[in-house]
Amino acid sequence: MSCDKIEELELDQQIRNHKFDLVVFVSPTTVELCWEAVAAQSSKKEQVVYAAVGAVTARMLRDRGVEPIFPSGEGGAPELAIELNKSL
């Protein structure tokens with residue numbers, strides 16, 4: 001088993017052992033690596049807010065059936081913080 005696979009399994013366990021109301025995806029890679037565990041855990045909550053740092057990441061979340069909060073334009077963490085402040 002590769003180191004990447006071990007780290008992925010550890011991350012999956014960490015996600016599944018926590019409850020959350022807001023999930024911020026910082027890149028398309030985080031969607032690819034974490035979506036299954038996040039979706040399994042968030043289905044146990046009545047409402048989870050999803051956020052994406054940029055448009056590509058937001059599109060990947062939409063492809064998985066959720067409408068994320070994300071900044072317009074080039075995106076980025078400061079812009080996402082502004083959008084979250086408006087929405088929450």
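**Fold, strand pairing and aromatic cluster of a predicted model**

At a relative accessibility of 15%, Gly 54 counts as buried, because residues under 20% relative accessible area are placed in that class. Gly 54 belongs to the loop between β2 and α3. The C-alpha atom of Gly 54 is separated by 7.5 Å from that of Ser 27, although the two residues are 27 residues apart along the chain. These values, like those below, were computed from a predicted model.

The protein chain comprises four helices and two strands. Read from the N terminus on, its elements follow the order α-β-α-β-α-α. Of the 88 residues in the protein chain, 35% are buried. The mean pLDDT of the protein chain is 80, with 73% of the residues at 70 or more. Among the elements, the lowest mean pLDDT, 58, belongs to helix α1 (residues 3-16), whereas the highest, 95, belongs to helix α3 (residues 55-62).

The two strands, β1 and β2, run parallel and are joined by four bridges. Within this pairing, Leu 22 of β1 has Val 49 of β2 as its bridge partner, and Val 23 is partnered by Tyr 50 of β2. In a regular strand, side chains alternate between the two faces of the sheet. Such alternation is found along β1, where Val 23 and Phe 25 point to one face and are buried, while Leu 22 and Val 24 point to the other face and are not buried. In β2, Val 49 and Ala 51 point one way and Tyr 50 and Ala 52 the other way. Here the residues on both sides are buried: Val 49, Ala 51, Tyr 50 and Ala 52.

Leu 22, which lies in strand β1, is partly exposed, with a relative accessible area of 37%. This value falls between the limits of 20% and 50%, and the residue is therefore classed as neither buried nor exposed. Together with Val 24, Val 26 and Leu 88, Leu 22 makes a nonpolar surface patch of about 360 Å².

The aromatic residues were examined next. A pair of aromatic rings is described by the distance of the centres and the angle of the planes. Two aromatic pairs were counted. In one of them, the ring centres of Phe 25 and Trp 35 are 6.2 Å apart and the planes meet at 45°, so the pair is tilted; angles under 30 degrees would count as stacked and those over 60 as edge-to-face. Phe 25 lies in strand β1 (residues 22-25) and Trp 35 in helix α2 (residues 28-42), so this pair ties together parts that are ten residues apart in sequence. Phe 25 is buried, with a relative accessible area of 2%, and Trp 35 also counts as buried, at 14%.

Trp 35 forms a further aromatic pair with Tyr 50, with a distance of 5.7 Å from centre to centre and an angle of 45° between the planes, and this pair is tilted as well. The pair links distant parts of the chain, since Trp 35 is in helix α2 and Tyr 50 in strand β2 (residues 49-52), 15 residues apart. Both Trp 35 and Tyr 50 are buried. Phe 25, Trp 35 and Tyr 50 thus form one aromatic cluster.

Terms used:
Residues are numbered from 1 along each chain as its sequence is written. Side-chain values use heavy atoms; hydrogens and water are left out. pLDDT is the predictor's confidence in each residue, from 0 to 100. Rings of Phe, Tyr and Trp (its six-membered ring) pair if their centres lie within 6.5 Å; planes under 30 degrees apart count as stacked, over 60 as edge-to-face and the rest as tilted. Buried means under 20% relative accessible area, exposed over 50%, partly exposed in between (1.4 Å probe, protein chains only). Patches are made of residues with over 30% relative accessible area and no salt bridge: like charges are joined within 9 Å, nonpolar side chains (Val, Leu, Ile, Met, Phe, Trp, Tyr) within 5 Å. Accessible areas come from the Shrake-Rupley method with a 1.4 Å probe; for residues, only the protein chains shown count as cover. A salt bridge is a side-chain nitrogen of Lys or Arg within 4 Å of a carboxyl oxygen of Asp or Glu. Two strands pair if DSSP finds at least two bridges between them.
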